[in-house]
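Please walk me through this protein model. I would like to know how its parts are held together.

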Amino acid sequence: MLDLLMKYAEDQGLTSEPGFAAKDIRWAAVFSRDGRFEDIVELGDVGLRRNSGRCFPKCPEFSFSDMKAGGVIKSNFLCEAAEVVALYGPKSDDVKTQAKHRFFIDLLRQAATVIPTLALLAEELEKPETLAAVQERLRANSAKPTDKITFRIEGDFLVESALWHDWWRAFRQKIGADKPQKNKKTAAKTKPKLVMRCFSTGQLIEPARTTPKISGLADVGGLSAGDSLTSFKQESFQSFGLEQSLNAAVSEEAGYIVRDALNKLIKDSGQRLAGAKVVHWYKKKVNREDDPFYFLEMGEEETELAAQKKVTELLNA
């Protein structure tokens, strides 16, 4: 099944890469070219009652191991929850939220080497009056503290710029290099580099110990932060001492491709069925009326009319 998901991602033109992910962002903080805050704008289909925002296909993203590296509380770059970006909501005074906010500002400053405007944004977001203005506009729009927010400089979304991509790749590599290692010589003897066969590609790879989390499963018992496709936490499932995701070995790259394929399928066609989330796809394009899963989405009357129409078409064929 993993190889079919890889093929689906290829057919859909998904360009997956560790450290990047498609994200739905509901709000944009609009700033002028000289760094002055102007407004908060809702993105996506604003007419929908449960508007999820606009999907940006390539946003920066820390992996689970990145977030844990070095014991430093982190936040994501360029797009984060409103409570982190603007200290908006009941958790604004929380020590962890404050630390995430400072880390967010620090990332903007560091990335100013490739996008100078980010230095102006960082400076503005440290001003109490600017934060108060952003918070007021978020309240006026009934935004939730957990809603994601990004930046727009007049008409340009910074997250859509390619200028930060190489800087972000280098920053993630540095985090990996800075991970503390105790007793390197002992660790090298007891935990040699693993080489395993990738379940997705069949190639010999160094397997990822954790895989990126799948989103969109909260309505069937999943976590709001996402769920791992493969994880072996209990000792009874750790065959040959293989922990975390190593019992279903995939490379880091393959893990991201599979994650992005499943996220797209869940978003585009995911349906709840008997307490589970069902996704489906076909080798070739299938018209909606010929899709058997389409009938699951319809009411009883619409289903009966569709069935009658199909019978008539077959009799007249």
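**Inside the fold**

Start with Leu-138. Leaving aside neighbours within four places in sequence, Leu-138 is in contact with Ile-40, Ala-82, Ala-86, Tyr-88, Ala-143 and Ile-149. Bear in mind that the model is predicted.

Leu-138 belongs to the largest nonpolar core, which has 50 residues. Five of its residues touch the most other members: Phe-77, Leu-108, Leu-118, Leu-138 and Phe-151. Helix α4, residues 95–111, gives the most to this core, with six residues. Apart from this core lies another, of 15 residues. Leu-2, Leu-5, Tyr-8 and Ile-266 are among its members. In soluble globular proteins, nonpolar side chains tend to be buried together.

Now step back to the whole chain. The protein chain has ten helices and eleven strands. Its C-alpha atoms fill a box of roughly 70 × 60 × 35 Å along the principal axes. Of its 317 residues, 40% count as buried. Contacts reach across the sequence, too. Among contacts with a separation of 6 or more, 68% are between residues 24 or more positions apart.

Return to helix α4 and look at its packing against helix α5, residues 117–125. Two packed helices are described by the angle between their axes and the distance between the axes. Here the angle is about 155°, and the axes are 7 Å apart. Angles over 145 degrees count as roughly antiparallel, so α4 is roughly antiparallel to α5. The crossing of α4 past α5 is left-handed. On the α4 side, the contact is made by His-101, Phe-104, Ile-105, Leu-108, Arg-109 and Ala-111. On the α5 side, Leu-118, Ala-119, Leu-121, Ala-122, Glu-123 and Leu-125 take part. Two of these contact residues, Leu-108 and Leu-118, also appear in the list of core residues that touch the most other members.

**Charged links**

Next come the charged side chains. Side chains of opposite charge can pair when their charged atoms come close. The structure holds 22 salt bridges.

One of them joins Lys-267 and Asp-24, at 2.8 Å from N to O. This pair links distant parts of the chain. Lys-267 sits in helix α9, residues 252–269, and Asp-24 in strand β1, residues 20–25. The two are 243 residues apart. Are they buried or exposed? Lys-267 is partly exposed, because its relative accessible area is 48%. Asp-24 also counts as partly exposed, at 29%.

Another salt bridge pairs Arg-26 with Asp-147, with the closest N and O atoms 3.9 Å apart. Arg-26 lies in the loop between β1 and β2, and Asp-147 in the loop between α6 and β6, so the pair ties together parts that are 121 residues apart in sequence. Both Arg-26 and Asp-147 are buried.

A third example is Arg-272 with Asp-219, where the N to O distance is 3.6 Å. Arg-272 lies in strand β10 and Asp-219 in the loop between β9 and α9, so parts 53 residues apart in sequence are tied together. Arg-272 counts as exposed, because its relative accessibility is 61%. Asp-219 is partly exposed, at 41%.

Salt bridges can also join up into a group. Glu-17, Lys-58, Asp-166 and Arg-169 are linked in a network of salt bridges.

Note on methods. Residues are numbered from 1 along each chain as its sequence is written. This is a predicted model: local features need pLDDT of at least 70, side-chain atom pairs count only at pLDDT 80 or more; totals for chains, interfaces and linings use all residues. Side-chain values use heavy atoms; hydrogens and water are left out. A salt bridge is a side-chain nitrogen of Lys or Arg within 4 Å of a carboxyl oxygen of Asp or Glu. Helices (H or I, at least four residues) and strands (E, at least two) are DSSP runs, numbered from the N terminus. Buried means under 20% relative accessible area, exposed over 50%, partly exposed in between (1.4 Å probe, protein chains only). A nonpolar core is a set of buried Ala, Val, Leu, Ile, Met, Phe, Trp, Tyr and Cys residues joined through side-chain atoms within 4.5 Å. Contact means heavy atoms within 4.5 Å. Axes are lines fitted to C-alpha atoms, for helices over the stretch in contact, and angles run from 0 to 180 degrees between N-to-C directions. Angles under 35 degrees count as roughly parallel, over 145 as roughly antiparallel, 65 to 115 as roughly perpendicular and the rest as oblique. A crossing is left-handed if the near helix is turned anticlockwise from the far one by less than a right angle, and right-handed if clockwise.
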